[in-house]
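Visitor: I'd like a close look at one part of this protein, please. Could you pick a place to start and walk me outward from there?

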Amino acid sequence: MTTEHVLELAVCTVADKEQALAARRQAMQAVARYPGFVSWRAVTACETADMLADLVEWENLDAAQAAGNRVMTDPEFAPYMAAISSVQLMQHFRTEQQI
């Protein structure tokens, strides 16, 4: 990963975890075809059963923002959006340092 890439961190809660995980797999396949996509790390909280987080890497902020607009109307992403009860955090970050 270069420092030019942007990391998008989304933390959310879901009502039905199994349904959300299945919907997230479908969303990941869709987003993998978006321009500027680099990677997606999907994680689940250890201590909070209904919390998921997604760390998505983009080539740049423009690609990340364009994807954010596109997921709102992408039918392949809709089931994941519907599975999310609330969004705790949705933010873009640049890597300052890495070891």
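Guide: Happy to. Let's start at Val31, which is buried, with a relative accessible area of 3%; the cut-off for calling a residue buried is under 20%, so Val31 falls inside it. Keep in mind throughout that this is a predicted model.

Val31 sits in helix H1, which spans 17–31. Not counting residues up to four places away in sequence, Val31 touches Phe37, Trp40, Trp58, Val71 and Phe77. If you would like a distance to check on screen, take Val31 and Glu76: they are 45 residues apart along the chain, and their C-alpha atoms are separated by 9.0 Å.

Now stay in H1 and turn to Arg24, which lies in that helix too. Arg24 carries a charged side chain, and Arg24 is buried, with a relative accessible area of 5%. Its side chain reaches the backbone oxygen of Val43 at 3.3 Å. Leaving aside neighbours within four places in sequence, the contacts of Arg24 are Trp40, Ala42, Val43, Thr44, Leu52, Ala53, Asp54 and Tyr80. Trp40 is worth pausing on, since Val31 touches Trp40 and Arg24 is in contact with Trp40. For Leu52, which is 28 residues from Arg24 along the chain, the C-alpha separation is 9.9 Å.

From Val31, the contact with Val71 takes us over to helix H2, which covers 61–71. In H2, the buried residues are Ala63, Ala64, Ala67 and Val71. Looking down the axis of H2, these buried residues fall within an arc of 100°, so they line one face of the helix. Asp62 and Asn69 are exposed on the other side of H2. What covers the buried residues of H2? The cover includes S1, helix H1, S3 and S4. The N-terminal end of H2 has a cap, too: Asn60 places a side-chain oxygen 3.2 Å from the backbone nitrogen of Asp62.

H2 also leads us to the largest pocket, which has a volume of about 450 Å³. Of the 23 residues lining this pocket, Glu8, Ala10, Val71, Met81 and Met90 are the closest to its centre, so Val71 turns up here again. Two or more lining residues come from each of strand S1 (6–14), strand S3 (51–58), helix H2, helix H3 (78–83) and strand S4 (84–94). H2 gives the most, with 5 residues. By type, the lining divides into 18 nonpolar, 3 polar and 2 charged residues.

One last stop is strand S4, where you will find Ile84. Setting aside neighbours within four places in sequence, Ile84 is in contact with Cys12, Thr13 and Val14. Leu7 makes a useful reference point for Ile84: the two are 77 residues apart in sequence and 20 Å apart in space, C-alpha to C-alpha.

To retrace the walk on your own screen, begin at Val31 in H1, follow its contact to Val71, and go on to the pocket whose centre Val71 helps to mark as one of the closest lining residues.

Notes: Residues are numbered from 1 along each chain as its sequence is written. This is a predicted model: local features need pLDDT of at least 70, side-chain atom pairs count only at pLDDT 80 or more; totals for chains, interfaces and linings use all residues. Side-chain values use heavy atoms; hydrogens and water are left out. On a 1 Å grid over the protein atoms alone, a cavity is a set of points where a 1.4 Å probe fits but cannot get out, and a pocket is an open set with protein on both sides within 12 Å along at least five of seven lines; lining residues have an atom within 4 Å of a point. Grid points are joined across faces, edges and corners, and a volume is the space filled by probe spheres set on the points. Helices (H or I, at least four residues) and strands (E, at least two) are DSSP runs, numbered from the N terminus. Buried means under 20% relative accessible area, exposed over 50%, partly exposed in between (1.4 Å probe, protein chains only). The arc is that of the directions from the helix axis to the C-beta atoms. Contact means heavy atoms within 4.5 Å. A polar contact is a pair of N or O atoms within 3.5 Å; within protein, one must be able to donate a hydrogen and the other to accept it, and residues adjacent in sequence count only if both atoms are side-chain atoms.
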